[in-house]
Amino acid sequence: MVREPLDEEVAADLARMFKALSDPVRLRLLSLIASHEGGEACVCDLTGPFDVSQPTISHHLKVLREAGLVGSERRGTWVYYWVLPAALTRLSSLLRTPAGTTATTAGAAG
């Protein structure tokens, strides 16, 4: 974004990711999955920390999966989720401040 303007398709893909992360439950779910031992989490490990129903958690996980932020695999009766590193790389590279930006310039935007 800072090196060259985003084209329409890339902007739509990135917007879908950011929209998925704009919900506090989904942002926390992504964090829980990413920080889970072994880098993946069973859906059974993800329902406890929230004051929402299991179907609601499943919906949020589906949104994260459809946005390309997490992968999943059914193993027996449980579904396991992991964060897709390439998606986080795309998001972080978009937000990275270009080299040579001064604190004064960066602070002026906020």
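**Figure 1. The two faces of helix α5 in the predicted model.** The face of helix α5 that is turned away from the buried side of this helix carries Pro85 and Ala86, both of which are exposed. Helix α5 itself covers residues 85–95, and the residues Ala87, Leu91 and Leu94 within this helix are buried. When α5 is seen down its axis, the buried residues fall within an arc of 65°, so they line one face of the helix. A reader who is looking for the opposite side can therefore start from Pro85 and Ala86, the exposed residues on the face turned away from the buried one.

**Figure 2. The protein chain and its secondary structure elements.** The protein chain, as it appears in this predicted model, has a secondary structure that comes to six helices and three strands. Followed from the N terminus on, these elements run in the order α-α-β-α-α-β-β-α-α. The protein chain has 110 residues, of which 25% count as buried.

**Figure 3. A salt bridge between strands β1 and β2.** Among the four salt bridges that the structure holds, one joins the side chains of Arg75 and Glu40, with a distance of 2.7 Å from N to O. Arg75 belongs to strand β2, which spans residues 70–75, while Glu40 belongs to strand β1, which spans residues 40–42, so this pair ties together parts of the chain that lie 35 residues apart in sequence. Arg75 is partly exposed, its relative accessible area being 33%, and Glu40, at 25% relative accessibility, also counts as partly exposed.

**Figure 4. Glu73 and the network around Arg75.** Arg75 also forms a salt bridge with Glu73, and here the closest N and O atoms are 2.6 Å apart. Glu73 counts as partly exposed, at a relative accessibility of 37%. Taken together, Glu40, Glu73 and Arg75 are linked in a network of salt bridges.

**Figure 5. A salt bridge within helix α4.** In this view Glu66 forms a salt bridge with Lys62, and the closest N and O atoms of the pair are 3.9 Å apart. Both residues lie in helix α4, which runs over residues 54–66, and they are placed four residues apart, which is about one turn of the helix. Glu66 is exposed, with a relative accessible area of 52%, whereas Lys62 is partly exposed, with a relative accessible area of 40%.

**Figure 6. Ile57, a buried residue of helix α4.** Helix α4 also contains Ile57, and this residue is buried, with a relative accessible area of 0%. The C-alpha atom of Ile57 is separated by 7.8 Å from the C-alpha atom of Leu46, a residue that lies 11 residues away along the chain.

**Figure 7. A patch of negative charge on the surface.** Four residues, namely Glu4, Asp7, Glu8 and Glu9, gather on the surface in a patch of negative charge. Of these, Glu9 is found in helix α1, which comprises residues 8–21, and Glu9 counts as exposed, at 59% relative accessibility.

Definitions and conventions. Residues numbered from 1 in each chain as written. Predicted model: local features only at pLDDT ≥ 70, side-chain atom pairs only at ≥ 80, totals over all residues. Heavy atoms only, no water. Patch = residues over 30% accessible without salt bridge, like charges linked within 9 Å, V, L, I, M, F, W, Y side chains within 5 Å. Areas by Shrake-Rupley, 256 points an atom, 1.4 Å probe, with all protein chains shown as cover. Lys, Arg positive; Asp, Glu negative; His and termini not counted. Charge placed at Lys NZ, Arg CZ, Asp CG, Glu CD. Helix = DSSP H or I, 4+ residues; strand = E, 2+ residues; numbered from the N terminus. Buried < 20%, exposed > 50% of the residue type's maximum accessible area, 1.4 Å probe, protein only. Arc of directions from axis to C-beta.
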